[in-house]
Amino acid sequence: MESKKSEDTVDGLKDMVIDESQDEEIVFDSMYPEVVVATETDAGVIEEIKYINFDGTLVQKKYARLYKYNPDFVGWIKIEDTDIDYPVMQSMYEEEYYIYRDYDKQSSSAGTLFVDTSSDIVMSDNILIYGHNMHTGKMFHDLLEYEDEEFYKNHKTFTFNTIHGDGTYQVIAAFRTRIYEVDYTGFKYYQFFDAANEEEFMDYVKNCVSMTPYTIENDVEYGDKLLTLSTCAYHTTNGRFVVVAKKIEE
């Protein structure tokens, strides 16, 4: 019953996304002004509403309803041919707030995908998103499909569109690991957000690539924006399965 409720909630959220191709009209309180952006095309200059200004936070028009309803909403992630098609949240006051809460902040065993509080979705070198590996196949369960090289070859990219802009990401690594003890001095993927220098950035990439059980050719460079997706795996105590991707399009 709870799983069905969770699915219905997500379906309702999808309906709240504004279809810009249909020029859907939205009405907000005058305290939230529209932001018009001019785009130059071969046919001339086109002016259109791109953002809604929520007290200084410019939110893409298509996500304005979702953000207004819950300003912890930061974006939407979708991987084709999987059940991963979900909103992503970030509570800056309690990192795991959504681990057992849905978008409506109601109790949910599936929780909601959420961003680590150390990640800045605009500025960070690496955005880290967590999600449950549900036995029902929901949330981040389908990340484990990336253990199969053939699946990777057919799903090299996915989208993570934020309130600020759209993004396409290219997978560069997929591997099993674990959460280690505090005094462990080896590689901990979950501690990397912003590189102090190029060496630190490339070390993170090299570690992730080396742990991937098949070869992924990549051209990651210092300055690229990374996205790391993490879910539980049960090969060991505190096991995790991780997919890392780099942003290739706005």
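Is Tyr-204 buried or exposed, judged by its relative accessibility? In this predicted model, Tyr-204 counts as buried, at a relative accessibility of 3%.

**Aromatic pairs and a cluster**

Across the whole structure, a search finds 17 aromatic pairs, and two of them, both involving Phe-192, are set out below.

| Pair | Geometry | Centre to centre | Angle between planes |
|---|---|---|---|
| Phe-192 and Phe-201 | edge-to-face | 6.3 Å | 65° |
| Phe-192 and Tyr-204 | stacked | 4.3 Å | 20° |

The stacked pair links distant parts of the chain, since Phe-192 belongs to the loop between β9 and α4 (198–210) while Tyr-204 lies in helix α4, with their positions 12 residues apart in the numbering. Phe-192 is itself buried, with a relative accessible area of 6%, and Phe-201, its edge-to-face partner, is likewise buried, with a relative accessible area of 0%. Phe-192, Phe-201 and Tyr-204 also belong to one aromatic cluster, in which they are joined by Phe-187 and Tyr-222.

A contact of another kind, between a charge and a ring, involves Arg-101, whose charged end sits over the ring of Tyr-97 at 3.9 Å from the ring centre.

**The nonpolar core**

The largest nonpolar core has 71 residues, and those with the most contacts inside it are Ile-77, Ile-129, Tyr-146, Phe-158 and Leu-229. Among the secondary-structure elements, strand β9, which spans residues 168–178, gives the most to this core, contributing six residues.

The surroundings of Ile-77 can be described in more detail. When its neighbours within four places in sequence are left aside, Ile-77 is in contact with Phe-158 and Leu-229, and its other partners include Ile-84, Tyr-86, Val-88, Leu-113, Phe-140 and Phe-160. The list of contacts of Ile-77 also includes Asp-85 and Thr-159.

**Cysteines**

A disulfide is a covalent bond between the sulfur atoms of two cysteines. The structure holds zero disulfides, and Cys-208 is therefore in none, because the nearest cysteine sulfur, that of Cys-232, is 18 Å away, whereas a disulfide requires a pair of sulfur atoms within 2.5 Å. Seen from the other side, Cys-232 is in no disulfide either, the nearest cysteine sulfur being that of Cys-208, at 18 Å. The surroundings of these two residues can also be described by their accessibility: Cys-208 is buried, with a relative accessible area of 0%, whereas Cys-232 counts as partly exposed, at 25% relative accessibility.

Conventions: Residues numbered from 1 in each chain as written. Predicted model: local features only at pLDDT ≥ 70, side-chain atom pairs only at ≥ 80, totals over all residues. Heavy atoms only, no water. Core = buried A, V, L, I, M, F, W, Y, C linked by side-chain atoms within 4.5 Å. Buried < 20%, exposed > 50% of the residue type's maximum accessible area, 1.4 Å probe, protein only. Helix = DSSP H or I, 4+ residues; strand = E, 2+ residues; numbered from the N terminus. Contact = heavy atoms within 4.5 Å. Phe/Tyr/Trp six-rings, centres within 6.5 Å; stacked < 30°, edge-to-face > 60°. Lys NZ or Arg CZ within 6 Å of the ring centre and 35° of its normal.
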